[in-house]
Amino acid sequence: MRELVYFAAVVVGSLGGGVLAGCGAIWVINHVPASWLTDYGEEPSDRVVSADRQRVPGMPWKWVLSASFAVVGIYMGCTGWQYEAAGLAACWVLVLIAVADGLFLIIPDQFVLLLALTGIGFLPLGSGLISMIAGLGAGGGAMLLIWAVSRAIAGRDAMGFGDVKLCAAAGLALGCRGALFMLVAGTFACGIFAAVRLAGKRAKRRDHVPMGPFLCGAAALYIVVVHAFL
């Protein structure tokens, strides 16, 4: 009987939380200051500052996100409410980062800081300070090395420095294993996507492919599936 009551509470809480998370994510993207979605020293584009249209349309995306968060919440709630709360908070920020980088080619520092802070929610689950520091070094250090090497070879920034900060923050939240999984899976998925676009002649060799959405997707996959499996 107790398990049935708990499951019912998880379902109700996940449905309500999913609606808040999905609608809230769209609201945040559409209402954050234009400077957050603009590189330093540049003027905001019309798409960022336009007052007569949404950056991301509410329909159908707020309901798509709401349903996704609700389903994931119910699934993760079976692991425990603490893990569900911490994991969904991190996934919510990852959605914000993925949308910002995918649409506007920028990873706002404010979102990165918020992602790092979600690591506090994982502390009661056995993620100690040593694990967080190791994740910070593994994620940020590995991506910094890739950024430096790619810049030296290409003679230009082959990836944004925001990706380095994203991996560092994710490592702080998810630990060393999470950071490395995010880095390997995200880089592989981004490479496959770029190769398919080149093969289909839908992109040129020097076109920029935002890496943030793939890194965020890999981090969310680790939170929802891999971490629980491990």
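Mentor: A crossing of two helices is left-handed if the near helix is turned anticlockwise from the far one by less than a right angle, and right-handed if clockwise. The model is predicted, so local features need pLDDT of at least 70 and side-chain atom pairs count only at pLDDT 80 or more, whereas totals for chains, interfaces and linings use all residues. Residues are numbered from 1 along each chain as its sequence is written, and side-chain values use heavy atoms, with hydrogens and water left out.

Trainee: How many helices and how many strands does the chain have?

Mentor: Helices (H or I, at least four residues) and strands (E, at least two) are DSSP runs, numbered from the N terminus. From that end on, the elements of the chain read α-α-α-α-α-α-α-α. The chain therefore has 8 helices and 0 strands.

Trainee: What is the radius of gyration of the chain?

Mentor: The radius is taken over C-alpha atoms, and the globule rule is 2.2 Å times the number of residues to the power 0.38. For 230 residues that rule gives 17 Å, and the chain comes close to this value, so it is as compact as a globular protein of that length. Its C-alpha trace spans about 65 × 45 × 35 Å along the principal axes. The radius of gyration of the chain is 18 Å.

Trainee: Which share of the residues of the chain counts as buried?

Mentor: Buried means under 20% relative accessible area, exposed over 50%, and partly exposed in between (1.4 Å probe, protein chains only). The chain has 230 residues, and the share of them that counts as buried is 40%.

Trainee: At which angle do the axes of helix 7 and helix 8 cross?

Mentor: Axes are lines fitted to C-alpha atoms, for helices over the stretch in contact, and angles run from 0 to 180 degrees between N-to-C directions. The crossing of helix 7 and helix 8 is right-handed. Their contact has 19 nonpolar, 4 polar and 2 charged residues (Ala, Val, Leu, Ile, Met, Phe, Trp, Tyr, Cys and Pro count as nonpolar, Asp, Glu, Lys and Arg as charged, and the others, Gly among them, as polar). The axes of helix 7 and helix 8 (residues 212-229) come within 6 Å of each other and cross at roughly 120°.

Trainee: Is G178 buried or exposed?

Mentor: G178 belongs to helix 7. Its C-alpha is 7.5 Å from that of G135, and the two residues are 43 apart in sequence. With a relative accessible area of 0%, G178 is buried.

Trainee: Which element gives the largest share of the lining of the second largest pocket?

Mentor: A pocket is, on a 1 Å grid over the protein atoms alone, an open set of points where a 1.4 Å probe fits, with protein on both sides within 12 Å along at least five of seven lines; lining residues have an atom within 4 Å of a point. The second largest pocket is lined by 20 residues, and D39, L105, I106, I107 and G162 lie nearest its centre. Two or more lining residues each come from helix 5 (109-117) and helix 7 (161-199). The largest share, 4 residues, comes from helix 7.

Trainee: What is the phi of L105, which lies in the loop between helix 4 and helix 5?

Mentor: L105 sits in the loop that follows helix 4 (81-104) and leads to helix 5. Its relative accessibility is 46%, so L105 counts as partly exposed. Although L105 is not a glycine, its phi is positive, at about 55°.

Trainee: Which residue is joined to M59 by a cis peptide bond?

Mentor: The omega of this cis bond is about 5°. The partner of M59 is found in helix 3 (residues 58-77), and its name is P60.

Trainee: How far apart in space are V32 and V48, C-alpha to C-alpha?

Mentor: V32 has its place in the loop between helix 1 and helix 2 (46-49). At 8% relative accessibility, V32 counts as buried. V32 and V48 are 16 residues apart in sequence, and their C-alpha distance is 9.6 Å.

Trainee: What separation do the C-alpha atoms of A25 and Y6 have?

Mentor: A25 is part of helix 1 (residues 2-31), and its 2% relative accessibility makes it buried. A25 and Y6 are 19 residues apart along the chain, and their C-alpha atoms are separated by 27 Å.
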